[in-house]
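Hi,

Here is the structure I said I would pass on. Have a look at it first, and then read my notes underneath.

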Amino acid sequence: MDALHTADGTRAGFVALIGAPNAGKSTLINQLVGTKVSIVTHKVQTTRAIVRGIAMHGASQIIFVDTPGIFKPKRRLDRAMVDTAWGGARDADVTALLIDARKGLTEEVEGILGRLANMPGKKVLILNKTDVANREKLLKVATTANETVTFERTFMVSALTGDGVSDILTYFAGEVRPGPWLYPEDQVSDAPMRMLAAEITREKLFERLHEEIPYVSTVETELWEERKDGSVRIEQTIYVERDSQKAIVLGKKGQTIKIISQAARTELTEIVERPVHLFLFVKVRENWADDPERYREMGLEFPR
C-alpha cells in the first residue's frame, strides 16, 4: 500500500493481541480504537477473522490485529482459527498477551505462555478485568507469567471501563516503527463494511440463541446498496448446516429472526450514521465448515 503520510516523526506498525477465548481482546480493541470494530460477545471463540482496529496516538498509527482466541482445536474451523492467531502474532511489531485476571493462569494460558516463550520479538503482558480481580492474585499471575516469558512491560487494565487503556496506547505508540502511516487518518478498520455488518448480525445471532446454534452458523453480506435517499439496503444470508437449525433461527412465525434483524439494524444504523434497511435470509448449506471458499472470505487459511 502506498504511503499516506510522509511528515517527519510519524510512526506506524502492527500490534497483535493474543490470549485464551473470552480474555477480553475484542472489548480491549474497541476501547483502544474508540469505536466498535470487533465483535464482542460473552460466547467464546466468536472472533473468527482477523479484524484490524486502527488507533491514532500522537504521530503514531497503531494497527491492532485481533486474533481468534487460542484454544485446543477440535474441528477444521478451530484449527484454522488457532493457526491464524499465531500467524498474526509472528507478523506483528509487538505481541500483547491478554490474560483474564480473574481466571488467572488456566491450562490454556499456560500453553500459550509456553509457546510464546520461544517466539522472537517484543512481548508485553496485559492483565484484564482488574476492576473485579483480587490484587494479591493479580500480582501472583503477573510474577508467574514473567518468569515464563520475557515481557518488556506488564499492564493492568479494565477493558470494560477503559481504566489503564491510555497507558497501553502511549506505550505502543512509541514501539511501532518510524515511517509513514499505512492507512488514512480517519479510518478505524480495514475490514470491509460488508464483513463488519456480517459480524454484527452474527453477534446478535449468538446473543439470542446461546447454545442452540453454537458455531455451525455463518453470516454473509450478499448486497450492500447505497440508495439515492442516503439510506443503505443490506441483504444478508445466515447459513446453517441442518433444517432443524434453520427452524431455530427463524423461530415461531419468524419471531426470532425478526428480533435478531431489529437488533442488528439498530447497531448498524449507529455505525454508518444513516438509515439501514436490513433483510435477513436463512439457508441450509451442509458442511459449510469444510468449504475452502468460506475460510478465504473470513480471512483464514484453510487447514488441510
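Before the notes proper, one cut-off you will need: a residue counts as buried when its relative accessible area is under 20%, as exposed when it is over 50%, and as partly exposed in between. Also keep in mind that this is a predicted model.

I started with the charged side chains. The search over the whole structure came back with ten salt bridges, and I'll go through a few of them here.

Take Glu199 and Arg202 to begin with. Their closest N and O atoms are 2.8 Å apart, and the two form a salt bridge. Both belong to helix α6, which covers residues 193-209, and they sit three residues apart, about one turn of the helix. Are these two buried or exposed? Glu199 has a relative accessible area of 11%, so it is buried under the 20% cut-off. Arg202 is buried too, because its relative accessibility is 3%.

Next come Glu203 and Lys204, whose side chains make a salt bridge at 3.6 Å, N to O. Lys204 counts as buried at 11% relative accessibility, and Glu203 is buried with a relative accessible area of 2%. This pair is part of a network: salt bridges with shared partners link Glu203, Lys204, Glu207 and Glu267.

Then there is Arg233, which meets Glu235 in a salt bridge (2.8 Å, N to O). What about its accessibility? Arg233 comes out at 22%, so it counts as partly exposed, since the buried class stops at 20%.

Arg233 also takes us to the sheet, as its bridge partner in β10 is His277. The sheet is an open one with three strands in the order β8-β9-β10, and its pairing is mixed. Which strands stand at the edges? They are β8 (218-226) and β10 (276-284); each has a single partner strand, so one side of each has no neighbour in the sheet. On average, neighbouring strands here are turned by 20° against each other, direction ignored.

A quick reminder of the background: strands of a sheet pair through backbone hydrogen bonds, and they do so either parallel or antiparallel. You get both in this sheet. Strands β8 and β9 run antiparallel, joined by eight bridges, whereas β9 (residues 232-240) and β10 run parallel, with nine bridges between them. If you want residues to click on, Trp224 has Ile234 as its bridge partner in β9, and Thr237 is matched with Phe281 in β10. The hairpin of β8 and β9 has five residues between the strands, and Gly230 in that hairpin has a positive phi near 95°.

Finally, the helices around the sheet. Helix α6, where Glu199 and Arg202 lie, packs on the sheet and touches β8, β9 and β10, with its direction at about 130° to that of β8. Helix α7 (residues 243-250) lies across β9 and β10 and runs at about 155° to β10. How much of β9 is buried? Eight of its nine residues are, so the strand is mostly covered.

That's what I have for now.

Cheers

Key
Residues are numbered from 1 along each chain as its sequence is written. This is a predicted model: local features need pLDDT of at least 70, side-chain atom pairs count only at pLDDT 80 or more; totals for chains, interfaces and linings use all residues. Side-chain values use heavy atoms; hydrogens and water are left out. A salt bridge is a side-chain nitrogen of Lys or Arg within 4 Å of a carboxyl oxygen of Asp or Glu. Helices (H or I, at least four residues) and strands (E, at least two) are DSSP runs, numbered from the N terminus. Buried means under 20% relative accessible area, exposed over 50%, partly exposed in between (1.4 Å probe, protein chains only). Two strands pair if DSSP finds at least two bridges between them. Axes are lines fitted to C-alpha atoms, for helices over the stretch in contact, and angles run from 0 to 180 degrees between N-to-C directions. Contact means heavy atoms within 4.5 Å.
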